[in-house]
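Here is a short briefing to read alongside the model. It starts with the ligand and then moves on to a sheet.

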Amino acid sequence: MKRRIVILGATGSVGQSTVDLVERSPERFDVVAVTAATKTGALADIAQRTGARLAVVADERGLPDLQARLAGTACAAAAGPVALIEAAQCDADLVIAAIVGCAGLEPVMAAIRAGRTVALANKEALVTAGALMIDAAASSGATILPVDSEHNAIFQCLAGSRSEDVSRLILTASGGPFRDASLADMRAATAAQAVAHPNWSMGAKISVDSATMMNKGLELIEAHFLFGLPSERIDIIVHPQSVVHSMVEFVDGSVLAQLGSPDMRIPIAYAMAWPERMATPADQLDLAAIGRLDFRAPDFDLFPALRIARDALQQGGAAPVVLNAANEVAVGSFLDGRIGFCEIAELVEQALAASSSAAPTSIADVLALDRFVRAGVETAMTTRCAG
Ligand code: NAD
Ligand code: MG
């Protein structure tokens, strides 16, 4: 029986890697629905290549173009937030959640509430609504399979072990393009330099997050919600080669690691074939050619985003929502050339200091707070530019 899959965010970096894996193993998968934000041409192309029956563009203005491109095919076109949620709830065996940002939260929650198995790349959804999402999965019987390479590594290392035997999770971080940079280099960093990741090829937002190391901060919060460990039992270590994707330490002192080439198709394939495994075109790991694996402690002064994210996790409640919303706006503004690289962390810290919100108790609460924080950061940026 083929596994029926929905790909949310099919035109993105993770989405395209998923499509590549589907095309290499057509006997395994039946693509039910694919979605994108705006790129109707790329979405229609993916729909046709995969034989999807439904293509949804989130931006309603794209509907006429999507309909025209899919006219005469067996694929229906739809648009808007309701259609996006319908795609997430389609009768399917697996939903690949590869939308970037809090924009993916409602579709992910819809899939979880429908009891689906969700391969989760969309870390911002978990950061902003982790507790609500884990609770919803427990009531609906949904399974969340982590796609983020570090969390996928931990998930693999945890297989077959009892939670009480785990003492610590160790998240590895490449350190991003500025791991050996000075503060002066970072102050002058351009968007092009920030998105040029040394090891991984990814979307623009996560590439900037890797450069500030906010990505590792978001992943710390992601690990907390996925695996249920407190902040003090989740460590971060810089490992420039990105070969060890993360580790789990057990009470007896054993440490298990998952290794592999830095190719997202490995963790994506793990989630797609789970609990089996499937072949991928990733390069075979050649440790002799790599020669050495380096590790060092992260620099919390040079990368304040790490410290800010850890504080937000420890604070709990609304703080991770504020952290994420402020970061999304700040990263977007940096990519648009409106603010400097170092202002990203400054704006996030300022938003956290200004926030006094109670913990959100519903997805509507999360989204309301998200909108409120975004507006506040916009105002803060306008004031800065004017001042
Ligand atoms: P990307 O920017 O390349 O793609 C994002 C996808 O989401 C696109 O298909 C886009 O059309 C869609 N999208 C964007 N905004 C949307 C909106 N408002 N409504 C509906 N759809 C929208 O991003 P990516 O690099 O593929 O990352 C996707 C997610 O996976 C992110 O949360 C990221 O942190 C996570 N992730 C990515 C990688 C990677 O290697 N790229 C690795 C680990 C985790
Ligand atoms: Mg990661």
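**Around ligand 1**

In this predicted model, 23 residues surround ligand 1, and T11, S13, A37, E124 and G203 come nearest. The points below take the polar contacts and the shell in turn, then turn to a four-stranded open sheet.

**Polar contacts of the ligand**

- T11 places a polar side-chain atom 2.7 Å from an oxygen atom of ligand 1.
- S13 takes part through its backbone: a polar atom there is 2.9 Å from an oxygen atom of ligand 1.
- V100 also offers a polar backbone atom, 3.5 Å from an oxygen atom of ligand 1.

**Cover and shell**

- Ligand 1 taken alone exposes 830 Å², and the protein buries 84% of that.
- Two elements, α1 (13–24) and α6 (123–140), each give two or more residues to the shell around ligand 1.
- By residue class, the shell around ligand 1 holds 14 nonpolar, six polar and three charged residues.

**The open sheet**

- Four strands form an open sheet in the order β9-β8-β10-β11, and their pairing is mixed.
- β9 (234–238) and β11 (255–259) are the edge strands; each has a single partner strand, so one side of each is left without a neighbour in the sheet.
- On average, neighbouring strands of this sheet are turned by 20° against each other, with direction ignored.
- Strand β10 (residues 244–250) runs antiparallel to β11, and five bridges join the two.
- Across from V255 in β11 stands E249.
- As background, strands of a sheet pair through backbone hydrogen bonds, either parallel or antiparallel.

How values were computed:
Residues are numbered from 1 along each chain as its sequence is written. Chains are lettered from A and ligands numbered from 1 in the order in which they are written. This is a predicted model: local features need pLDDT of at least 70, side-chain atom pairs count only at pLDDT 80 or more; totals for chains, interfaces and linings use all residues. Side-chain values use heavy atoms; hydrogens and water are left out. Two strands pair if DSSP finds at least two bridges between them. Axes are lines fitted to C-alpha atoms, for helices over the stretch in contact, and angles run from 0 to 180 degrees between N-to-C directions. A residue is near a molecule or strand if one of its heavy atoms lies within 4 Å of it. A polar contact is a pair of N or O atoms within 3.5 Å; within protein, one must be able to donate a hydrogen and the other to accept it, and residues adjacent in sequence count only if both atoms are side-chain atoms. Accessible areas come from the Shrake-Rupley method with a 1.4 Å probe; for residues, only the protein chains shown count as cover. Ala, Val, Leu, Ile, Met, Phe, Trp, Tyr, Cys and Pro count as nonpolar, Asp, Glu, Lys and Arg as charged, and the others, Gly among them, as polar.
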